[in-house]
Amino acid sequence: MKSLGSIRRDFAPWNDPSAKPYIQFDKVTKKFGDFTAVNNLSLTIFEREFFALLGASGCGKSTLLRMLAGFEEPTAGRILLDGQDLRGIPPYKRPVNMMFQSYALFPHMTVEKNIAFGLKQEGMPAPDIEKRVAEMLRLVKLEQFAKRKPHQLSGGQRQRVALARSVAKRPKVLLLDEPLGALDKKLREETQFELMDLQQELGLTFVVVTHDQEEAMTMADRIAIMDKGEVMQVATPAEIYEAPTSRFVAHFVGNVNMFEGKVAERAANTTRITGATGAQIVVENAADTAKGADIVFAIRPEKIKVSSRKPADAVNALEGEVYDVAYLGDMTVYHIKLDDGQMVRASALNAARVSEDPLTWNDRAWVSFRPDAGVVLTR
Amino acid sequence: MNATWSRFNISSIVLGFAFLYLPIVLLIVFSFNESKLVTVWGGFSTKWYVSLFHNQGLMDATWVTARVGVISATVATVLGTLAAITLTRYTRFKGRVLFSGMVFAPLVMPEVITGLSLLLLFVAIGLDRGFFTVTLAHITFTMCFVAVVVQSRLVSFDRSLEEAAMDLGAPPVKTFFQITLPVILPAIISGWMLAFTLSLDDLVIASFTSGPGATTLPMKIYSQVRLGVTPEINAACTILIAVVAIGVIIASIANKRREVQRQRDEQAAQRG
């Protein structure tokens, strides 16, 4: 496969077999009564990594975070931090800090006192606390709000106080539970970049829990997609998007078109697939499939080209009718109903202000894509 | 909405307020009566207030009531708060429903029964009735009121505050005193005030459980009224009403100020 690497250059400890894991979930199971929140899960996170746990609500991602913080103990399995087994260590003795979804700012304390709280607990001398608090306030640009109480701050400011408080102790690992969930869209986008800068600046390991795929894609070095207490795939954002290993992951992140079919013929590099209705497509990236196997070809909408005439050089071209068109400004989304009944979603970047090949409702149209534009999934 | 003052509206308001406040107004007016006869106006005077302060019996009863009130309210607040915390936090222990029912049963228990059963208990274990037993009885019946007030606050308490404190290195006991207690303090204070007020005006339970030398103010007033209402008693009651009214007014002004301050803060926060 062509390189689908990390965004940060030269940072890929997960590809280095000699790299020492920093956080290790080792066959961890957590049950609440009869409900299994986390099921026999193993996961490795490296030092200075920005790691995201992504999944729908109830998938066990928050439970995983809370076990790392010490608020829950695993029913079975071990959690190791820097080689040390965390079992039995209470939250107030763990070298991790957490930023809560609700921020959990102490309402009866000023911003300053909130940030100083953790430092006081470890018995830091007062002048040092003062220095550290000032440094933290500068870091999150809240110097002039030091004497305010949490209810005197806006949502974005509260979020920054919570952040400052949780990094003030310089924890080995910072856990963030839906850190941007309560912010509006614009502020959220700004803050994503601020968080990334902060992580680089402090050189900390971040583990963030989110249900927002865009957030995870933007910030994380690697993402773990979770479902029903299990990890479906752990990979860089680019790998997750371009090379999902299961239908669940392909569906969960971004939009995708799925062609069901059987392997009809295998050549050295390419595989010919017969669709359920007889359409033939030729694809690459189908290494471990036997002839006759049931497979799914998954392809992203932007990898599909839509045109009014059949492209002359296309390996894969299927004919249909324009069912729906949505103009979104930066791009246009087409829903094409193929002649065999399958609906295909394709998106085209509006690079020019006026389209050379305008298509509208009920027009005949061709969709075409390259053999390497999608992936073959067996599960 | 019809904003005109119809005759019907005015008369219902007058009647309603008269029904509520006429007895109290009469009591206050007659406390300033010159005459010794309660129902005959003999001119304005404050002499009953002066003589009140020279009535050793009434003053003693007031002192007893104040001490019983402060001690029982304080102990009941501690116990009631602990009960409320247990009931909100440990939701899965065996017999919780029974236990919480038992904590709140005294709320609806007729006072006569509470008083009588306590009396029987004190007699059975041979405890001499007096100041100690009244205080104990008041702790018993005010505790559940405190528990109700504090519990309603704890239900809306954000547990992640405690988790955050522990996450930042504070052990559980420290977390309780530095985070939980300050946040629920207003509810605890209202619980204390409720317990104190209940203790202050309790007659029935005090009559059952008190003994010689521990007469509370309501008991004293009741026994004197049976010998005939004196303007002195009117004066004592007027002072009680004044104390309660001032308390209520101060509380509502403080509340209003806080509200205004909060609104101002929020506006300031929105401006950045």
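**Reading a two-chain model**

Modeller: Start with one residue. S12(B) is exposed, with 11 other C-beta atoms within 10 Å. Keep in mind that this is a predicted model.

Colleague: Why is S12(B) exposed?

Modeller: Count the neighbours. A residue is exposed if 12 or fewer other C-beta atoms lie within 10 Å of its own. S12(B) has 11, so S12(B) is exposed.

Colleague: Where does S12(B) sit?

Modeller: In a helix. S12(B) belongs to α1 of chain B, residues 7–31.

Colleague: How far is S12(B) from M109(B)?

Modeller: Two answers are possible. Along the chain, they are 97 residues apart. In space, 35 Å separates their C-alpha atoms.

Colleague: Now a whole helix. What does the span of α5 in chain B tell me?

Modeller: Compare the span with the expected rise, 1.5 Å a residue. Helix α5 of chain B covers residues 111–124, which makes 14 residues. From first C-alpha to last, α5(B) reaches 20 Å, close to the 20 Å expected.

Colleague: Which residues of α5(B) are buried?

Modeller: Burial needs 20 or more other C-beta atoms within 10 Å. In α5(B), the buried residues are G115(B), L118(B) and F122(B).

Colleague: How do the buried residues of α5(B) fall around the axis?

Modeller: Look down the axis. The buried residues of α5(B) fall within an arc of 70°, so they line one face of the helix. On the other side, V112(B), L120(B), V123(B) and A124(B) are exposed.

Colleague: What covers the buried residues of α5(B)?

Modeller: The cover includes two helices of chain B, α6 (131–155) and α9 (204–209).

Colleague: And what follows α5(B)?

Modeller: Check the backbone angle there. G126(B) follows α5(B), and its phi is positive, near 70°.

Colleague: Let us turn to chain A. How many helices and strands does chain A have?

Modeller: Chain A has eight helices and 20 strands. Its C-alpha trace spans about 75 × 50 × 40 Å along the principal axes. Of its 379 residues, 40% count as buried.

Colleague: How many residues does each chain give to the contact?

Modeller: Take each side in turn. Chain A gives 21 residues and chain B gives 20 residues. On the chain A side, β6 (96–99) and α2 (111–121) are the elements that give two or more residues. The most comes from α2(A), with three residues.

Colleague: What kinds of residue make up the side of chain A that touches chain B?

Modeller: Sort them by type. Eleven are nonpolar, eight are polar and two are charged.

Methods:
Residues are numbered from 1 along each chain as its sequence is written. Chains are lettered from A and ligands numbered from 1 in the order in which they are written. This is a predicted model: local features need pLDDT of at least 70, side-chain atom pairs count only at pLDDT 80 or more; totals for chains, interfaces and linings use all residues. Two residues are in contact if their C-beta atoms, placed from the backbone, lie within 7 Å. Helices (H or I, at least four residues) and strands (E, at least two) are DSSP runs, numbered from the N terminus. Ala, Val, Leu, Ile, Met, Phe, Trp, Tyr, Cys and Pro count as nonpolar, Asp, Glu, Lys and Arg as charged, and the others, Gly among them, as polar. The expected span of a helix is 1.5 Å times one less than its number of residues. The arc is that of the directions from the helix axis to the C-beta atoms.
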